[in-house]
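Please open the model in a viewer and keep the selection panel at hand. The tour proceeds by selections, each followed by a short account of what is there.

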Amino acid sequence: MKKIESYLECVRCHKTYDIGELRYNCDCGGILDVKRDLSHVDGQELKALWDSRWGLKRGVEASGVWRYRELILDVPDSMVVTRQEGNTRLYPAMSAGTWAGLSNLYFKHEGENPTGSFKDRGMTCGTTAANLFNAKYVACASTGNTSASMASYAAVAGMKAVIFIPEGKIAYGKLAQALAYNGITLQIEGNFDDAMSLVQDVCKELGIYLLNSINPFRIEGQKAIGIETLQQMDWEVPDWFVIPGGNLGNSSALGKGMMELYELGIINKIPKIAVIQAAGANPLYTMWTQHTPFKAVKNPETIATAIKIGNPVSWEKSLRAVEWSGGTVEEVTEQEIMDAKAKLDAAGIGAEPASCCSLAGAKKLAEKGIIGKSEKVVGILTGNILKDPDAVIGYHQDTLMEHYGIKGTFANKPIQIKPTLEAVKAVLHR
Ligand code: F0G
């Protein structure tokens, strides 16, 4: 296969820059895309190459990201920082699908990645780019999963991770990972948006490599979620992808990946992309439904702390993905998120609260008749069930009302009994 030329391009004014230039924004302030000249690439040949790599046991291409390296980043094996990320399962929704009123619903479980979230796909590419730029320090602001992932990949690469998290506002499992993987963990007074603004200043001033999804190489890695899903479906394109939206990098990546596959003729149908936001952190939803210019949400609030973001950096790219695909943006309430979570968990699949926006959103869109009941739908589950045990216990103990106004509708409370056979029988005969 001939070399594919790539460069950076501003999403706003389309000014281009060399791929080797270290920058995250255009001079006009817009964010950057990695663009490729795909005009001479044979899509069918590429697809056959990817299929030949399926199931490799070792080497860079055993990764569910680097399997698609031609569309990820042109880099020698020796520079790649990988934990064999990706290769996550695609599950039929089972009872959760029945509950949502959808007969052809699947979940792509990105919580099965090495650090328990989809961020590992972006991070393998981001830290590899950091390697190319010879970075010794990498930094991010995070609601928890990006920082857990970055800390791990930085450790693997021998880099130092500097993490900015909103104090007291990230799930415990994620904070634990940042500390465990030996990141320098800075707790900021303020929310994610404050941390995001600070980390950009810090990186500029101190020359630290920024690994938030404003970094265009993060987005390149995350494209592999959609590509791998299609490969698992033998390249049959679903009618819909339903995906949670926070900082809006992941939906941007999903859309960009589909655009490239479409341009290459690897797919000839466009899957609609539905971005689901929490009602308390819904700037894209407001923009979409009210046809107003983008406006940040000042004090975002949601139990799904992963997506408690009011000023998402990638909104332009995400909107582009929704518009290109003929998709939509929906919002879900706190109660809808946690009830969906209870159903997804009870189906034996399980995911952290933000991920459950996919099920809650799919159900809502089916009820509205926007998604047809027998259409093929893939929900992206972004994080592992173990990331946020507090939310799970709170729901099942029914103690979330005061703080979040959430009822334990489908609560499965633990039952305390005396240590006797009689007591067990009494419960089981109930
Ligand atoms: N789901 C989970 C579990 C997440 O951690 C995130 C984002 C999202 C969904 C939303 O994805 O931001 O690309 O729209 N978490 C980031 C973090 C912000 O810092 O871990 P997005």
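The stops below begin with the ligand and then turn to the strands. Please note that this is a predicted model.

**The ligand and its shell**

Select the ligand together with the residues around it. There are 19 such residues, and those that come nearest are Ser-142, Gly-246, Asn-247, Leu-248 and Thr-382. Colouring this shell by class shows eleven polar, six nonpolar and two charged residues.

Next, display the polar contacts, beginning with Thr-143. One of its backbone N or O atoms lies 2.8 Å from a ligand oxygen atom. At Thr-146, a polar backbone atom is found 2.8 Å from an oxygen atom of the ligand. Thr-382 takes part through its side chain: an N or O atom there is 2.7 Å from a nitrogen atom of the ligand. How much of the ligand's exposed area does the protein bury? The ligand taken alone exposes 470 Å², and 99% of that is buried by the protein.

Now hide the ligand and display the cavities. The largest cavity is the space that the ligand takes. To see which elements contribute to the shell, select helix 4 (145–157) and helix 9 (249–263); these are the elements that give two or more residues to it.

**Strands 1, 2 and 3**

Move to strand 1 (residues 6–10) and add strand 3 (residues 32–36). The two run antiparallel and are joined by five bridges. Then add strand 2 (residues 16–18), which is also antiparallel to strand 1 and is joined to it by three bridges.

Centre the view on Tyr-7. Its bridge partner in strand 3 is Lys-35, while in strand 2 Tyr-7 stands opposite Asp-18.

Follow the chain from strand 1 to strand 2. These strands form a hairpin with five residues between them, and in the turn His-14 has a positive phi of about 65°.

**The parallel sheet**

For the last stop, select strands 6, 7, 8 and 9. In which order do these strands lie? They form an open sheet in the order 8-7-6-9, with parallel pairing. Strand 8 (184–188) and strand 9 (209–210) are the edge strands, each pairing on one side only.

Finally, isolate strand 6 (residues 137–141) and strand 7 (residues 160–166). Five bridges join these parallel strands. Tyr-137 can be picked out here, standing opposite Lys-160 in strand 7. In general, the strands of a sheet pair through backbone hydrogen bonds, in either a parallel or an antiparallel manner.

Definitions and conventions. Residues numbered from 1 in each chain as written. Predicted model: local features only at pLDDT ≥ 70, side-chain atom pairs only at ≥ 80, totals over all residues. Heavy atoms only, no water. Near = heavy atom within 4 Å. Polar contact = N/O pair within 3.5 Å; in protein donor to acceptor, adjacent residues only side chain to side chain. Areas by Shrake-Rupley, 256 points an atom, 1.4 Å probe, with all protein chains shown as cover. 1 Å grid on protein atoms, 1.4 Å probe; cavity = no way out; pocket = protein on both sides within 12 Å on 5 of 7 lines; lining within 4 Å. Sits in = over half its atoms within 2 Å of the grid points. Helix = DSSP H or I, 4+ residues; strand = E, 2+ residues; numbered from the N terminus. Nonpolar A, V, L, I, M, F, W, Y, C, P; charged D, E, K, R; others polar. Pairing = 2+ DSSP bridges.
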